[in-house]
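Trainee: Could you take me through one part of this model in close detail? I'd like to follow a single region and see what surrounds it.

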Amino acid sequence: MPFKIIASQCTSCSACEQECPNVAISEKGGTFFIDPKKCTECIGHFDEPQCVAVCPVDNTCVVDASLPRYQAPA
Amino acid sequence: MDASALDEASLAGSAVDIGETMQAIAEHKGCGTSGGSGKASCGSQAGRGELPTEIWEKVKNHPCYSEEAHHHYARMHVAVAPACNIQCNYCNRKYDCANESRPGVVSEKLTPEQAAKKVLAVASTIPQMTVLGIAGPGDPLANPKKTFKTFELVAKAAPDIKLCLSTNGLMLPDHVDTIARFKIDHVTITINMVDPEIGSKIYPWIFYNHKRYTGLEAAKILTDRQMQGLEMLTERGILSKINSVMIPGINDKHLVEVNKAVKSRGAFLHNIMPLISAPEHGTAFGLNGQRGPTAQELKALQDVCEGETNMMRHCRQCRADAVGLLGEDRSAEFTTEKIMAMDVNYDLEMRKAYQAKVEEERVAKVAAEQEELAELASAMSGVKLLVAVATKGAGLINEHFGHAKEFQVYELSTTGAKFVGHRRVDHYCRGGYGQEESLATIIRAINDCHAVFVAKIGGCPKNNLLKAGIEPVDQYAYEFIEKSAITWFKSYLEKVQRGEIQYVERAEAAIRQGALISAA
């Protein structure tokens with residue numbers, strides 16, 4: 001389950017973009033967007049998902065439950 | 001990893017030995033003793049001759065670092081730094097209103113290239129614009145690439161413009177050397193506490209070393225990094241201004257401690273600002289009903305701290321994309337769309353010539369004040385009172401009462417006229433509708449003043465002011481503020497001595513909070 005950004009709550013501050021270890025976040029239509037193919041939930045990089053930790057609006061970077069969970073390579 | 005990083009951060013605050021350098025800067029504060037007003041301050045009153053030459057050269061045309069300069073010189077902020085690494089209970093950056101003036105608010109973000117173009121466009125249109133600051137809307141040092149790229153481009157294209165930045169200090173120690181390399185000689189740090197217990201009531205969290213910290217731990221890291229960063233600036237001779245937000249019941253009394261802590265680490269100037277917490281801004285403090293201080297509470301705290309260090313009292317808590325003199329905002333003239341269409345011709349000689357004229361004006365203003373002061377020195381009186389002034393800048397009484405967006409407040413005593421603050425108001429003249437209410441708001445804002453100096457005023461507001469016990473004074477239209485205020489004060493004292501009028505103390509005044517209502 002990669003993370004997604006709830007666009008209606010995004011302040012476009014770009015804080016998440018520079019913290020993402022996978023360069024999965026980019027600006028799209030004025031707010032930010034996580035590429036689900038690149039998101040690894042920060043597993044193997046950090047103890048907590050960086051976008052969630054830095055986002056100024058609570059519950060804006062959330063798990064995208066509609067997608068399968070990220071599998072770390074064996 | 002996180003634990004060791006924390007230890008390192010905790011240790012760092014005390015590890016730096018700054019002994020001699022700091023002592024040297026602290027001694028520069030000799031500006032507190034000279035001049036007529038007894039306890040002048042570099043930030044509010046010190047002028048030429050009261051500061052060491054190298055420091056005067058740095059501050060003389062920086063409107064934020066020199067109260068005197070702020071009447072004459074303009075600054076601009078470019079909003080290239082949207083990301084932030086801490087959360088403050090007084091900040092909510094989602095809200096944007098074109099009429100709103102407070103930190104953290106911008107109308108559009110800029111790339112470093114757009115920002116550099118904007119700086120040149122503004123510098124060509126407003127030749128007295130001498131300072132470029134990066135103040136957000138997030139934290140400049142949480143966006144180091146964009147921030148330093150902007151400085152690099154501007155330094156190349158407009159080398160006469162002073163560079164400065166304003167930070168929460170969390171990442172400051174990592175960037176001090178870069179700051180020094182870019183010749184940024186003014187850095188502002190927002191420091192609201194030196195006690196993590198108090199900090200935990202102001203900062204719900206910080207993001208540091210890839211981790212979100214909360215509570216006491218967050219506040220401890222933040223304060224340690226801020227103190228370390230301040231010491232490192234002092235070591236390198238970079239002037240620092242400390243901004244503190246006064247939050248009644250949370251850090252109001254504690255700010256005296258903060259003042260001592262930053263003074264001992266070589267801070268040049270301390271700026272205590274009132275909390276802005278209107279509920280419609282959607283900040284945590286706004287929503288939980290935390291009030292801001294009254295004008296009296298703010299001034300009392302500034303007065304207490306002034307014994308210790310230089311206080312800034314002319315801060316307008318401006319937007320992260322503000323343009324113009326401190327009391328005005330011309331950002332709407334310089335939107336990205338308008339800048340891109342502008343044909344910019346950066347003429348350094350024209351700017352120098354204009355600024356030379358400004359300097360002549362300043363000298364004349366100071367000379368006029370000195371002359372009046374010499375006579376006042378013989379008057380004996382313990383009376384101290386406040387007066388409000390409607391001004392558009394240049395140190396003149398040159399604004400119509402009804403057009404004033406703010407009033408500057410001067411404290412008058414036998415030692416002279418001292419700038420002690422300003423009060424934002426809505427325009428009184430709005431084409432008739434709602435004038436009564438608007439006038440009442442103005443009276444509340446300057447209710448602690450004995451008189452208001454204006455270039456012109458209508459009959460109706462004049463009567464209402466008199467009823468409220470505030471004397472409208474229009475006989476000094478287009479004259480120098482300090483000189484006129486002292487002349488008026490002399491005649492006031494004479495009238496009191498002759499028993500014609502009685503000196504009465506004025507009541508409390510309110511600090512206005514909400515968005516400005518556009519003039520019709």
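Mentor: Let's start with a pair of residues facing each other across two strands: F407(B) has R423(B) as its bridge partner in β14(B). Keep in mind as we go that the model is predicted. That pair belongs to a longer ladder, since β13(B), residues 406-413, and β14(B) run antiparallel and are joined by eight bridges. The turn from β13(B) into β14(B) is a hairpin through two residues.

Now step back to the whole sheet. These strands belong to an open sheet of five, in the order β14-β13-β12-β15-β16 of chain B, and the pairing is mixed. At the edges stand β14 and β16 (471-473) of chain B, each pairing on one side only. From one strand to the next the twist averages 25°. For the parallel side of that mixed pairing, look at β15(B), residues 449-453, which pairs with β16(B) in the parallel sense over three bridges. There, F453(B) stands opposite V473(B) of β16(B).

Is the edge strand β14(B), residues 416-424, enclosed or open to the outside? Eight of its nine residues are buried, so β14(B) is largely enclosed by the rest of the structure. As background, nonpolar side chains tend to be buried together in soluble globular proteins.

That brings us to the core. The largest nonpolar core has 158 residues, and the members that touch the most others are I206(B), V387(B), Y410(B) and V452(B). Helix α9 of chain B, residues 215-235, supplies the largest share of this core, with eight residues. Take Y410(B) as your viewpoint: beyond its neighbours within four places in sequence, Y410(B) is in contact with A417(B), K418(B), F419(B) and V420(B). The same list of contacts also holds L386(B), V387(B), V389(B), I481(B) and A485(B).

For a contrast with the strands, try helix α6 of chain B, residues 144-157. Its 14 residues should span 20 Å at 1.5 Å a residue, and the end C-alpha atoms are 20 Å apart, which agrees. The buried residues of α6(B) are K146(B), T147(B), F148(B), T150(B), F151(B) and V154(B). They pack against α5 (112-125), β3 (129-134), β4 (162-167) and α7 (172-181) of chain B.

Two loop residues also deserve a look. Most residues other than glycine have a negative phi, and most peptide bonds are trans. N209(B), however, has a positive phi near 50°. N209(B) sits in the loop between β6 (205-208) and β7 (211-214) of chain B. With 14 other C-beta atoms within 10 Å, N209(B) is partly exposed. In chain A, N59(A) has a phi near 55°, again a positive value in a residue other than glycine. N59(A) lies in the loop between α2 and β4 (61-63) of chain A, and N59(A) is exposed, with 9 other C-beta atoms within 10 Å.

Finally, α2(A) leads us to where the chains meet. Here 13 residues of chain A are in contact with 13 residues of chain B. On the chain A side, α1 (15-19) and α2 (50-54) are the elements that give two or more residues, and α2(A) gives the most, with three. By class, that side of chain A has six nonpolar, five polar and two charged residues.

Methods:
Residues are numbered from 1 along each chain as its sequence is written. Chains are lettered from A and ligands numbered from 1 in the order in which they are written. This is a predicted model: local features need pLDDT of at least 70, side-chain atom pairs count only at pLDDT 80 or more; totals for chains, interfaces and linings use all residues. Two residues are in contact if their C-beta atoms, placed from the backbone, lie within 7 Å. Helices (H or I, at least four residues) and strands (E, at least two) are DSSP runs, numbered from the N terminus. Ala, Val, Leu, Ile, Met, Phe, Trp, Tyr, Cys and Pro count as nonpolar, Asp, Glu, Lys and Arg as charged, and the others, Gly among them, as polar. A nonpolar core is a set of buried Ala, Val, Leu, Ile, Met, Phe, Trp, Tyr and Cys residues joined through C-beta atoms within 7 Å. A residue is buried if 20 or more other C-beta atoms lie within 10 Å of its own, exposed if 12 or fewer, and partly exposed in between; C-beta atoms are placed from the backbone. The expected span of a helix is 1.5 Å times one less than its number of residues. Two strands pair if DSSP finds at least two bridges between them. Axes are lines fitted to C-alpha atoms, for helices over the stretch in contact, and angles run from 0 to 180 degrees between N-to-C directions.
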